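Visitor: I am new to this one. Could you take me through it by question and answer?
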Amino acid sequence: MRGLVVLATLVYFATAQHQALIDYLERRLLAIEDRISLWHEQTARYAIELRELKQQMVSQLENLDKEKETLRMNLDGVGSRVDRVERELDYLETQNGAQPCVDVDDKLIEQQVTLVQEKQKAKYFKLSDCGDMISNIKAMKILKRVGGPKGTWTKDTNRGSGKVFIFNGTDEDTIYEFASVQEFSRSLGLTLSKKLKLPYAWKGTGHVVYNNYAYYVNQVDGVKVVKYDLRNSSVTDSAMFPDLDPVPVYGLTPETVMDLAVDEEGLWAIYATRQNERHISMAKMDANSLDIEQMWDTTCPRENAEAAFVICGTLYVVYNTKQPGRSRVQCVFDVNGMVSNDDAPLVYFPKRYGAHSSLKYNPQEQLLYAWDDGYQILYKLVMKKKLEI
Ligand SMILES: *[C@@H]1O[C@H](CO)[C@@H](O)[C@H](O)[C@H]1NC(C)=O
Ligand SMILES: *[C@@H]1O[C@H](CO)[C@@H](O)[C@H](O)[C@H]1NC(C)=O
């Protein structure tokens, strides 16, 4: 019996020990399971955090890409500006030719960027093949300063000539002729010029030189256009402008009653009469006979106008603006009806001194020869097709 009790006791202890072990193992297992579930949780959280981080990285990379693109575009912009400056310098160099010691006032190159309102319009009528209009002014060159505040300078628009003519003042009779623009640049004052004395004085700033002839306005008795042969210094022809009760054509250049212009299509007169006092009128003239072919009353006001020029049958009138030192094409009139005032390019002139007393267009070079308070200035124009607007 005692042995039995001992056995039972042993078994009891053994069982108890066994139970304790099982309990212990169970607790360990539970603890491990807890840990595992904790790890799961943490892993899941880490996974989410990792995904979020990745998303952040991706969007930051995208931003970086965008910034890179903007930077590249800015660099392109700077590049094209550098190009433009280089082109302008090239242009100035070609203007000055290969003269090693050109006595030129080189202080300013200015570039006007203009906005053009893009607009499609139905075109209904075409007078000639010439279809260019101004897009903007690409470069400006102050060539020299000779003479008084008002005057005209221009090149013979005849392709072969290259000669340059200075009409100083608004009531004179002596033209100064230079063999070329370079010669004019080099000349100390007017020393390198040939003097041509006209039989009658001119009035205003309306002169042009076209195919070896100077056309100028004389106003002794009525308004007369005089055609002067520059090769043998003789008056070839002159014509009274009919039915004209003249008023100064530009509000800011009162000496000029009639302005003359040359474009791709020939000779034009720009004038104003008391009959249509507030607006500028224009006429197409036959350069040989001085006959008037057709006349138009334009919609361009005289008030505040400085000067005007014609390109491909379109009159561009330049006005003084309220902004100091700037003048601007603010009215256009196209005899072909292809360009309306709404299409008018916003062409600003970097005006430096007074007002432009004359602006003479050269169709071969797409240059404007401007006289601004005694400075002789060249403006290089950029053209576009009228149909592209
Ligand atoms: C140019 O004309 C002005 C008057 O407008 C006169 O005072 C000046 O002496 C002239 N200059 C030359 C070089 O003829
Ligand atoms: C001037 O030259 C033109 C042709 O070149 C000629 O028709 C004209 O008669 C000449 N005038 C004089 C005065 O010599």
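The exchange below covers the overall make-up, two sheets and the surroundings of two ligands.

Visitor: How many helices and strands does the protein have?
Guide: This is a predicted model. Counting the secondary structure of the protein gives 2 helices and 20 strands.

Visitor: What percentage of the residues count as buried?
Guide: A residue is buried if 20 or more other C-beta atoms lie within 10 Å of its own. The protein has 389 residues, and the share that counts as buried is 35%.

Visitor: Among contacts between residues at least 6 apart in sequence, what percentage join residues at least 24 apart?
Guide: Two residues are in contact if their C-beta atoms lie within 7 Å. With pairs at least 6 apart in sequence taken into account, the part that joins residues at least 24 apart is 54%.

Visitor: Which strands stand at the edges of the open sheet S10-S11-S12-S13?
Guide: The 4 strands of this open sheet follow the order S10-S11-S12-S13, with antiparallel pairing. An edge strand here has a single partner strand, so one side is left without a neighbour in the sheet. From one strand to the next the twist averages 25°. The edge strands are S10 (258-263) and S13 (292-301).

Visitor: Which residue in S12 stands opposite Ile270?
Guide: Strand S11 covers residues 266-271 and strand S12 covers residues 279-285; the two pair in the antiparallel sense over 5 bridges. Opposite Ile270, in S12, stands Met282.

Visitor: Why is one side of S14 and of S17 left without a neighbour in the sheet?
Guide: Another open sheet has 4 strands in the order S14-S15-S16-S17, and the pairing is antiparallel. S14 (305-311) and S17 (348-349) are at the edges, so one side of each lacks a neighbour in the sheet: each has a single partner strand.

Visitor: Which residue in S17 is the bridge partner of Ser327?
Guide: Strand S16 spans residues 327-334 and is joined to S17 by 2 bridges, the strands running antiparallel. For Ser327, the bridge partner in S17 is Phe349.

Visitor: How many residues of the shell around ligand 1 are polar?
Guide: Around ligand 1 are Val146, Gly147, Gly148, Asn168, Gly169 and Leu190. Gly counts as polar, while Val and Leu count as nonpolar. That shell has 2 nonpolar residues and no charged ones, and its polar residues number 4.

Visitor: How many residues of the shell around ligand 2 are charged?
Guide: Ligand 2 has Asp229, Arg231, Asn232 and Ser234 around it. Asp and Arg count as charged. The shell holds no nonpolar residues and 2 polar ones, and its charged residues number 2.

Key. Residues numbered from 1 in each chain as written. Chains lettered and ligands numbered in written order. Predicted model: local features only at pLDDT ≥ 70, side-chain atom pairs only at ≥ 80, totals over all residues. Near = placed C-beta within 6 Å. Buried ≥ 20, exposed ≤ 12 C-beta atoms within 10 Å, placed from the backbone. Pairing = 2+ DSSP bridges. Axes fitted to C-alpha atoms, helices over the stretch in contact; angles between N-to-C directions.
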